[in-house]
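Please read the following points alongside the sequence and the model, which are shown first.

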Amino acid sequence: MYEKLEILIVEDDTLLSKELTFLIDNSDDLFLIAATNDSFEAVAHIKDTIPDVVILDLELHQGKGSGLNVLYDIHTLSLSKKPYILVNTDNSSVITHETARTLGADYIMSKHQEGYSSQSIIDFLRIMRPTIKSIQISSNVSNATKPTEQYSKRIYRRIMAELNHVGINPKSIGYTYLMDAIYFMTKQSTQSICAALAGKYNKSEASIERAMQNAINRAWKTYDIKELLHHYTAKISSVKGAPTLTEFICFYANMIKTEY
């Protein structure tokens with residue numbers, strides 16, 4: 001199984017951004033960190049998550065800043081790896097393109113070129129996957145060498161996205177507990193998860209367990225069944241009608257450990 005390419009979209013064309021988001025969200029080998037039309041917000045995402053790929057529009061007329069701002073600001077960040085920068089633009093200026101390359105753009109794709117589409121962008125990234133991954137590995141980037149804080153943020157963002165996919169309510173107490181529980185399990189903690197959370201939040205183990213299971217049960221009673229079946233592929237007891245707490249935590253912990 002391929003490790004997913006983690007992608008940040010920086011694009012002010014609403015339709016194109018939605019198309020790319022749809023294609024990535026419905027791929028088994030790609031993961032969307034975020035989509036934004038704000039260059040300042042993009043730099044914050046890059047700093048916090050260190051994506052594998054940034055799909056970057058140079059001109060953000062409908063947003064804030066520009067793609068060149070993003071390229072320039074990346075140089076000021078102490079990142080454990082350099083994201084692959086796929087510039088995606090309708091600007092045909094040779095000088096602008098050269099500036100983008102000088103600032104770190106890896107490839108420039110013109111929106112005017114024949115056959116250009118959101119699908120062509122995704123197809124290109126799939127072709128480039130081995131190169132992108134090999135460059136990052138050769139730069140001595142691995143799970144063992146990633147700064148702990150940055151790596152933890154990436155894992156938590158990944159967990160958050162999966163919980164949102166199955167309708168776990170972010171406002172529920174169980175949502176926060178579930179994020180921690182899945183994260184602890186990815187680290188193969190030998191300590192009881194509920195005991196660890198009870199110590200962290202100064203709550204009883206029973207209340208921690210109950211809040212997490214209630215959050216799961218509520219999602220399976222109220223959320224779109226098609227979305228649940230699409231994103232949660234483990235078997236569920238027909239009697240209970242929802243995953244047990246252990247089944248749920250292990251499913252996502254194993255998924256994330258496989259990817260990372």
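**Notes on the predicted model**

1. N202 is located in the loop that links α8 and α9, where helices are DSSP runs of H or I with at least four residues and strands are E runs of at least two, numbered from the N terminus. The phi of N202 is near 55°, a positive value in a residue other than glycine, and N202 counts as exposed (over 50% relative accessible area, 1.4 Å probe, protein chains only), at 70% relative accessibility.

2. This is a predicted model, in which local features need pLDDT of at least 70, side-chain atom pairs count only at pLDDT 80 or more, and totals for chains, interfaces and linings use all residues. Residues are numbered from 1 along each chain as its sequence is written, and side-chain values use heavy atoms, with hydrogens and water left out.

3. I50, in the loop between α2 (39-49) and β3 (53-56), also is not a glycine and has a positive phi of about 45°. At 2% relative accessibility I50 counts as buried, the term for under 20%.

4. The largest nonpolar core, a set of buried Ala, Val, Leu, Ile, Met, Phe, Trp, Tyr and Cys residues joined through side-chain atoms within 4.5 Å, has 36 residues, and W220 and F248 are among those with the most contacts inside it. At least two residues of this core come from each of α6 (148-165), α7, α8 (193-201), α9 (205-222) and α11. A second, separate core has 23 residues, including V43 and L103.
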